[in-house]
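Here are two exercises to work through with the structure open beside you. Try each task before reading its solution.

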Amino acid sequence: MMMDYWQRVYRRSRRQYQRLSWRTLHLDPWLLLALLTIVAGGLIVLYSAGGESTHLVEAQALRFAAAFLIMLLIAQFSPRTMQRFAWFFYVVVILMLVAVDVIGTHAMGAQRWLTIPGVIRFQPSELMKLAMPMTIAAYLSRRVLPPGWLDLLVCLLLMGFPVALIANQPDLGTSMLVTASAVFVILLAGLSWRFVAVCAGFGIAAMPLLWFNMHQYQRQRVLTFLNPESDPLGTGWNIIQSKTAIGSGGIHGKGWMQGTQSQLEFLPERHTDFIVAVLAEEFGLIGMAVLMSCYLLLIWRGLYMATQAHDTFGRLLGGSLILTFFVYVFVNVGMVSGVLPVVGVPLPLISYGGTASVTLMAGFGMLMAVFTHHKTTPR
Amino acid sequence: MRPRRATLKDSEQQARIFRHRSIVAAFFVLIMFSGLIGRMVWLQVVQHDIFITRSDKNRMRVEPLPPNRGLIFDRNHDVVAENRPTYNLTLVREQAGDVSQTIARLIDILDLPPEEHDVLAQRSRERLRSYEPALLLSDLNEGQIARIAVNRYRLPGVEVEAQLIRYYPDGEWMSHVLGYVGRISQEDQQRIDTSNYAGTHFIGKTGIERFYEDELHGQAGVRRVETNARGRALREIDRTPPQPGKNLTLTLDSKLQKLGHELLKGKRGAIVAIEPASGAILAMVSEPGFDNNKFVTGIDTKSYAALRDDVDMPLYNRASRGQYPPASTVKPYMASAGLEYGLIQPSDTVYDPGYYQLPNDSRRYRNWLRWGHGRVDMKRAITVSNDTYFFSLAHRMGIDRLSEFMHKYGFGEDHSLDVWGAGSGLMPSRDWKRGRYNQAWYPGETLSVGIGQGYWLATPLQMATAVAVLANDGKWVRPHLAMQVGDEKIAPPFENTPDDVELDNPRWWDLIHQAMENVMSGSEGSGRASGRNLQYRMAGKSGTAQVFTLGQKEKYNAAELEERLHDHALFTAYAPVDDPKIALAVIIENGGGGSKVAAPIAREMLDAWILPSMKSSEEAQRHAQQNESAAQQIVTGD
C-alpha cells in the first residue's frame, strides 16, 4: 500500500515535471540563451562605459529583469488573441500619438513623451513598433497572398499615418523602424519583386521631398555624416570620436575599462547610442566579431522560429519583428562606425535606456508565442 | 472583403513563400553583417595606426614645467635676489558647483571688505577654458591660507596655488645694478626661445637680471599628462624635470653698496668702486633708487608715471649710463700721455699767471685759481689741479693724440664685461666733430678737452675703470659684476680686453701715483681735507665739472634751476697706493666742488673697504710676530 502511494506521488510529480517543459512555458531555450548572453555581455560593457558605476548596471539589470517578465507574460498569449487584439491596439496607439502631439512632454527639442503624472512616462511611438507589424500582419493574413496593389495601398495607408505622426515629433529613428517593421511584413507576405523594384524607384525619387521636410538638426546630421571633418568640434565630433575609439581598439582592444576614448570621456553618449564604440575600443575586432555572431545567431534562430509558426499572422509578425531587430543592430553599428548618418537608434539589448528594451523584449515574447503556441492551439 | 479562404493548400503555399523569403532575409542579414565586420576590419586593422595616433593625441597633453630662477648673491654670499613663494587663490568653476555660494562662503571665511565682493564675483565669471582655474586672490597671507585650509571641505573647486616670484630684499640700493624681472612682453618674445619660456611668466628686464637671463632662467622641463575630453589633467604619464637656473654670485659687496647708498642719500649721484687687480666691481650705486620689487608683479601705471616723471630720474642708472664731463679727474691720464708722447719731462715747469693764452689769440683760458699757481711741474700740476699746465700740454698734444691716448684708458668705449646697458661716453675727436656737427676742430676746444670738459663725457663706470687702470700701472682688466655663474668662476683674463696702457719708462707711473697721493696728503693737495688721519696710503684726484647748459631743464622753477646749475662734484681715488685694493669714482650732480663734496664720500668708502681688512691682517701679523717671538724664546730657552 505504502509503496503504491509513493509510486503514485512519483509518477504525478514526473508528469508535472514533464508538463513544465519549455513549450508549456512558451519559451524557446536557444533564443533565450542568445538574449541572455548578449544582455550579460552588455552589462559588462556598460559597467566600463558608465565609468565603473554599479548604479547604472543595477538599473539596467533590473530593467531587463522586468522586460524578461513582460516577455514571459506576452509569450503566454496565443497568436490568435494577438491577431484579434491588433486592430484595437493599433487604434489606441494612434490616439496616444495624437495625444502626444497635443499634450506631450518636451525634451531635447522633441515632443515624444506622454506623462501620467506620478505613474508613468513613456513614448507611445515605442508601442507602435509592436502595433504596426501586428496590424499589417493581421490585415494581410486575411487576404489572398501574395498581396496585390490594393492590399499594398491599404498597408501603406495603415503605415503612413502613424509614421507621419512619429516623424513629426520629430523622431527619425523610430519612424524609420516602424516603417521597416511594416515593410518587412509586406515583403515576407510575398510581395512580388517587381513591386519592390517600382516602390524602391519611387522611394529614391521621393528623397528630395524627404530632405525638405526634415528638421534642421536632422539635415545637419546627414551633412555631418557625409563629411564629418567639416565641423570637427561641433556635430562632427561624435563620429570622429567614435571612429577613433573603434579604430584605436585594433584587433585585441585596449582591455576592459582601459579604453582611453571612452574612459576619458572623449566618446559622446558612450553608455547609450555609442556603446558599441566602447566595446570595439576595449575588446577590439575580436569582441566585435563575437557580438555580431551572437546577433546573427539570434536573428537566424528568430527567422527559423517564424517559419515554424502555425499560421500566416504568426509567421509575418514573427519574421517582421526579428528583421526589425536586425535593422536596429545594423543602423546602430553602421552609424557609430560612420557608414550611416547619426540617427537616434540604440544598440538593442546593450544600450542603457528605458522603453526601447521593454518593447524589444515584448517583441521577443510575441516571437516565442507564435513559435510555441501552434501545437496547443485547438483548430 | 472577400470571404475567408483558409484552405490547407493556401496555407501551405503561404508557408512556402514565407520560407523562401526567410532564406532571402537570412542571406541579406548575413551579407549586411559581413559588411559591418568589413567596416570594423577597415577601421581596426587597416587604419588602426591612424586612429591609435589620433586617440593618443586626444588624451595626451604636453605641459611645460618652468624652471626655478637662479638666486643672486653678493660676494659675501648674502642673498640679493631670491624667489619668494606666493599663494594665490584659484577657483575651478566646473568643480565648484554653485559658484556664487562658494564665493559667498569665501567672503565670509576670509572676512573680506565689501569693496572686494564684486571684484571676487567678477573674477569668478571671467571667460576661461573649461577646467582652467580662475585667479580670485593673489599673495594670500598665512592667516588666510590657514582659514581656507580649515574650511576646505566647504569650498569645492577652490585651491591655494603656490607660485615663486622674485624678491629683492635690499630694494632701493641694489635696484639699478640688479635690475628686475617682469612679465614677458611681446618685445621680449623676440629675443627668447619661446618653447623654453612656455611655462615662465617672468624675464629679466634690466641690469644683472637681463644680462644673465639665460643662465638665471634655466631649462624648462615638460610633462605629459592624460586629460579627459574637457581638458582636465587626470594623471601624469611621464616628465622631463626642468633644470633650475644657475645661481649667480656677484662681485658686489652689499655692505659697501649700502654705505654708498647712505652716503649719497638725498643727493643725485653715483659711486662705482672696482678692485683693480681683478676688475671686480665692488659697488655700483646710483641715487636716487627705486624699489624694484614693485616691477616684478607689474607696477600700476600711476606709480610708474610718478617714477618716470620724477625730475630726479630715479629709474636712471647714473653709475653705468650717466654721462658727465670727467673734468680734472683726467689730469693724471693727461700727464701720462704727455710723458709717453715726450711732450713733457716730469721736471719741466710751466709758469701759470692764472690763465693760458693760445698763440695769436687774446682769449684767456683761466686757471681755477684766478691769481695762478706760479711755476708748476707735472706732479704739482696734478696735486693742485692746475689748469694752465694742462691747457699748455693739451695744446701741444693736439686733439688727435689726446683722443687716441684717452681711448687707451677706456674713454669713449664701453669695456665692461657684463654691465647691462652701460654707456660708452664720448671721447671727442676731429672726425667725430666733423661727422656730428660738420665743423672743423678748433684749437680752443682742445684746451677744454685737456681738462676733461668740453665735449668729453664719461660714465662713472668709465671713470672708475680708468683710475683702476692707472692704479694698476696701466694693466687692463675689464670691470665685471659676476664672480661666479653656477660652478663657473668668472675671472680674468677676459676676451676682448683692451691693450694695456704702456709707458716707456715704468717709473713714470710712480710719479703719477705720488702726485695723486699728494692730492690727499700733500700740504697743497686739493683733497687734503679728506686725507687727514689716513691709516693707509690713499691716492685721489678731484674734479669739478661746470654745468653750462640749461637744455631741457629750463622749465623748472627758479630755485631749482639755480640748484641744477651748480657744478658736478667728482672724485676718483684708489688705495692703498703700493698695493691698490680698491679704485673708485664718485660723482654728485650739482654738488659743487669735487674736493669738498665728493672727496669725503670717497674717503669713507675707502675706509670702509680697507680698514677692516687691515685690522684683520694687522692682527694676523701681530699673531705671527707673537708666535715667532714665542718660538724664538723656546729656541733661546733651549
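**Exercise 1.** Describe the interface of chain A and chain B in this predicted model: what area is buried between the chains, and which residues and elements supply the side of chain A?

*Solution.*

1. Start with the area: about 4,300 Å² is buried between chain A and chain B, and carbon and sulfur atoms give 70% of that.
2. Look for the leading contributors on chain A. Leu264(A), Arg315(A) and Phe326(A) supply 13% of the area that chain A buries against chain B, more than any other three residues.
3. Now list the elements. On the side of chain A that touches chain B, two or more residues come from each of α8 (172-188), α12, α13, α14 and α15 (312-336). The largest share belongs to α14(A), with 13 residues.
4. Count the residues in contact: 55 from chain A and 40 from chain B.
5. Finish with the polar side. The rule finds 13 residue pairs in polar contact across the interface, both partners at pLDDT 80 or more, and 0 salt bridges.

**Exercise 2.** Find the nonpolar surface patch of about 580 Å² and work out which residues make it.

*Solution.*

1. From chain A, take Ile251(A), Ile286(A) and Val290(A); from chain B, add Val41(B), Trp42(B), Val45(B) and Val46(B).
2. Assign elements: α14 (275-307) of chain A and α1 (8-46) of chain B each supply at least two residues. The largest share, 4 residues, comes from α1(B).
3. Place Ile251(A), which sits in the loop between α12 (237-249) and α13 (260-263) of chain A.
4. Check its exposure: Ile251(A) has a relative accessible area of 38%, so Ile251(A) counts as partly exposed.

Notes. Residues numbered from 1 in each chain as written. Chains lettered and ligands numbered in written order. Predicted model: local features only at pLDDT ≥ 70, side-chain atom pairs only at ≥ 80, totals over all residues. Heavy atoms only, no water. Patch = residues over 30% accessible without salt bridge, like charges linked within 9 Å, V, L, I, M, F, W, Y side chains within 5 Å. Areas by Shrake-Rupley, 256 points an atom, 1.4 Å probe, with all protein chains shown as cover. Salt bridge = Lys/Arg side-chain N within 4 Å of Asp/Glu carboxyl O. Buried < 20%, exposed > 50% of the residue type's maximum accessible area, 1.4 Å probe, protein only. Contact = heavy atoms within 4.5 Å. Buried area = accessible area lost by both parts, 1.4 Å probe. Polar contact = N/O pair within 3.5 Å; in protein donor to acceptor, adjacent residues only side chain to side chain.
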